[in-house]
Amino acid sequence: MFNQHKNALTQLLYQRAATFRQVPGAVDAVLMPYTSFNFGRDPRRTRDPSVAASPLPAPMSCGDAIVSGNVGSILDLRTVGFWLALLYGVPTANKAVTKQPTNVTGVMVHYANAAAPTGNGTLTWVAAGTTLSWQANGDTAGATVNVGAGGRFTLQSGTAAKEIVVTVTAGALPVGNQNDADIAVSGTLKAHVFPINLDDRPNALLEMGHLDTGNNKFYRYLGAMLNELSYDIMALEQNIAMQFIAGEEVDPLPGAAWDATPTSYSPARACGHGGLITDGATGLGKLTGGTFRVSNGMEGVELGDGLEGYGLVNQGELSIGGTVRALFTSADAYALARANTTTRMLVQSSATSGVDTFKLVADLPAVQFVEKVVPKEGKSGLFVDLDWQAHRLTSGVLPLIYLVSDVAAY
């Protein structure tokens with residue numbers, strides 16, 4: 001028999017590291033799902049141009065190896081949080097809210113403080129003052145907040161550290177007074193809120209293990225940093241594509257797996273019916289597809305430190321954007337692009353696991369669509385493909401990115 005490696009007998013391990021290019025202090029890896037792993041060491045050998053009266057050149061020599069490449073995976077709403085911690089930064093774990101308002105329309109509750117009590121709280125709307133207030137389970141109501149202008153707000157309960165975070169669509173608020181007394185704060189699901197900033201991103205150890213009996217090989221990479229991540233929001237089977245830059249590949253190859261007993265999770269895969277793109281109300285019209293892409297604008301830098309590979313990874317400006325495909329109508333997304341009008345955009349992927357709903361949410365307060373020519377082909381209905389980009393607001397309000405899952409921490 002040939003000792004050819006089989007992809008079915010591989011595993012991908014992940015563990016975040018404290019210092020770039022350094023091995024983590026304690027072994028505590030996670031087994032990650034993947035669909036493709038085109039990632040590794042490029043020795044960058046250079047040709048020897050010497051003339052030696054020979055029909056063949058001298059062996060290639062010199063070079064400075066680099067490590068980079070692409071990784072593909074299913075959009076698993078449990079393990080994706082580990083990748084997102086490299087993309088945005090380490091999240092804070094708050095409590096998920098599993099029941100949205102039905103009477104107080106125009107309000108989306110994102111999450112509750114980690115110290116908020118589990119159970120049903122009450123959201124109260126008073127039309128005369130255009131105010132909202134929040135009362136956590138077992139607590140008194142907090143101060144009212146004027147939300148008439150719409151936007152994102154933090155509503156305090158009567159006791160500190162029991163607040164919720166909401167986004168309000170002003171035009172959809174009720175005409176008269178309303179309340180919802182069943183806003184459920186979960187005792188098991190977490191809402192992991194990712195930072196949106198220009199801080200240096202974390203790095204990780206990645207290891208591709210070939211577990212063929214008697215032919216084991218372990219390719220271990222240090223200083224792996226996630227530069228880009230993208231996915232199709234409304235695909236039947238949602239997958240993510242990632243682009244990495246790493247510091248080095250461990251040489252010689254380790255003789256055993258980094259972690260013999262890694263933590264593993266049952267996947268909760270986001271599927272097409274869980275893909276959602278709206279403006280928080282109804283203003284974007286009929287969308288038939290869309291993509292979401294985040295880039296950190298990273299660039300590997302080789303240092304004069306006597307070590308091969310990248311000694312530094314420079315980080316540029318964070319960008320969030322993608323595409324949408326819309327029905328060509330007289331309004332909605334195409335009209336926004338035509339008028340160069342900024343809009344809110346809410347992007348969500350979700351999956352059910354038993355009685356729980358996991359979801360990845362991006363609430364983008366300011367998005368521009370880019371006008372495109374509408375192709376006139378065939379005799380059926382017309383579609384238009386538009387690029388979109390999230391941008392900053394002078395008010396300083398930034399996108400809110402969070403993941404609802406039953407994983408305690410990322």
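**Exercise 1. Decide whether Phe328 is buried, partly exposed or exposed in this predicted model, then do the same for its ring partner Tyr334.**

Step 1. Start with the cut-offs: buried means under 20% relative accessible area, exposed means over 50%, and partly exposed lies in between.

Step 2. Phe328 has a relative accessibility of 32%, so Phe328 is partly exposed.

Step 3. Tyr334 comes out at 13%, and therefore counts as buried.

**Exercise 2. Work out how the rings of Phe37 and Tyr221 are arranged, and compare them with the rings of Phe328 and Tyr334.**

Step 1. Know what to look for: a pair of aromatic rings is described by the distance of the centres and the angle of the planes.

Step 2. Take the cut-offs for the angle: under 30 degrees is stacked, over 60 is edge-to-face, and the rest is tilted.

Step 3. For Phe37 and Tyr221, the centres are 6.3 Å apart and the planes make 40°, which is a tilted pair.

Step 4. Now locate these two residues. Phe37 sits in strand 3 (residues 36–42) and Tyr221 in strand 14 (residues 217–232), so the pair links parts of the chain that are 184 residues apart. Both Phe37 and Tyr221 are buried.

Step 5. For Phe328 and Tyr334, the centres lie 5.2 Å apart with the planes at 85°, so this pair is edge-to-face.

Step 6. Widen the view. The count of aromatic pairs comes to 15. One aromatic cluster includes Tyr14, Tyr34, Phe37, Phe82, Trp83 and Tyr221.

**Exercise 3. Find how many residues of helix 1 (residues 80–87) are buried, and see what comes just after the helix.**

Step 1. Go through the helix residue by residue: Val80, Gly81, Phe82, Trp83, Leu84, Ala85, Leu86 and Leu87 are buried.

Step 2. That gives 8 of 8 residues, and helix 1 is mostly covered.

Step 3. Look just past the end of helix 1, where Gly89 takes a positive phi of about 125°.

**Exercise 4. Name the residues that touch the most other members of the largest nonpolar core, and list what surrounds Trp388.**

Step 1. The largest nonpolar core has 79 residues, and the ones touching the most other members are Trp83, Phe244, Phe292, Phe369 and Trp388.

Step 2. Leave aside the neighbours of Trp388 within four places in sequence. Its contacts then include Phe292, Ile320, Val324, Met345, Leu364, Val367 and Phe369.

Step 3. Apart from this core lies another one, of 20 residues, with Val97, Leu123, Leu155 and Val168 among them.

**Exercise 5. Describe the surroundings of Asn227.**

Step 1. Place the residue: Asn227 belongs to strand 14.

Step 2. Judge its exposure: with 5% relative accessibility, Asn227 counts as buried.

Step 3. Find a polar partner: the side chain of Asn227 reaches the backbone nitrogen of Gly297 at 3.2 Å.

Step 4. Add the other contacts. Beyond four places in sequence, Asn227 also touches residues including Leu87, Gln243, Val294 and Met298.

**Exercise 6. Trace the strands that pair with strand 8 (131–135), and then examine Ala143 in the loop that follows.**

Step 1. Strand 7 (residues 119–126) pairs with strand 8 in the antiparallel sense over 5 bridges. Here Thr122 stands opposite Gln135.

Step 2. The hairpin of strand 7 and strand 8 has 4 residues between the strands, and Thr130 takes a positive phi near 45°.

Step 3. Strand 9 is also antiparallel to strand 8, with 2 bridges. Thr131 has Asn146 as its bridge partner in strand 9.

Step 4. Check how covered strand 8 is: 4 of its 5 residues are buried, so the rest of the structure largely encloses it.

Step 5. Ala143 lies in the loop between strand 8 and strand 9 (145–146). Its relative accessible area is 56%, so Ala143 is exposed.

Step 6. Ala143 and Leu155 are 12 residues apart in sequence, and their C-alpha atoms are 7.7 Å apart in space. Leaving aside neighbours within four places in sequence, Ala143 is in contact with Leu132, Ser133 and Gln156.

**Exercise 7. Give an overall description of the chain.**

Step 1. Count the elements: there are 2 helices and 25 strands.

Step 2. Take the extent: the C-alpha trace spans about 90 × 55 × 45 Å along its principal axes.

Step 3. Note the burial: 47% of the 410 residues are buried.

How values were computed. Residues numbered from 1 in each chain as written. Predicted model: local features only at pLDDT ≥ 70, side-chain atom pairs only at ≥ 80, totals over all residues. Heavy atoms only, no water. Core = buried A, V, L, I, M, F, W, Y, C linked by side-chain atoms within 4.5 Å. Buried < 20%, exposed > 50% of the residue type's maximum accessible area, 1.4 Å probe, protein only. Contact = heavy atoms within 4.5 Å. Phe/Tyr/Trp six-rings, centres within 6.5 Å; stacked < 30°, edge-to-face > 60°. Pairing = 2+ DSSP bridges.
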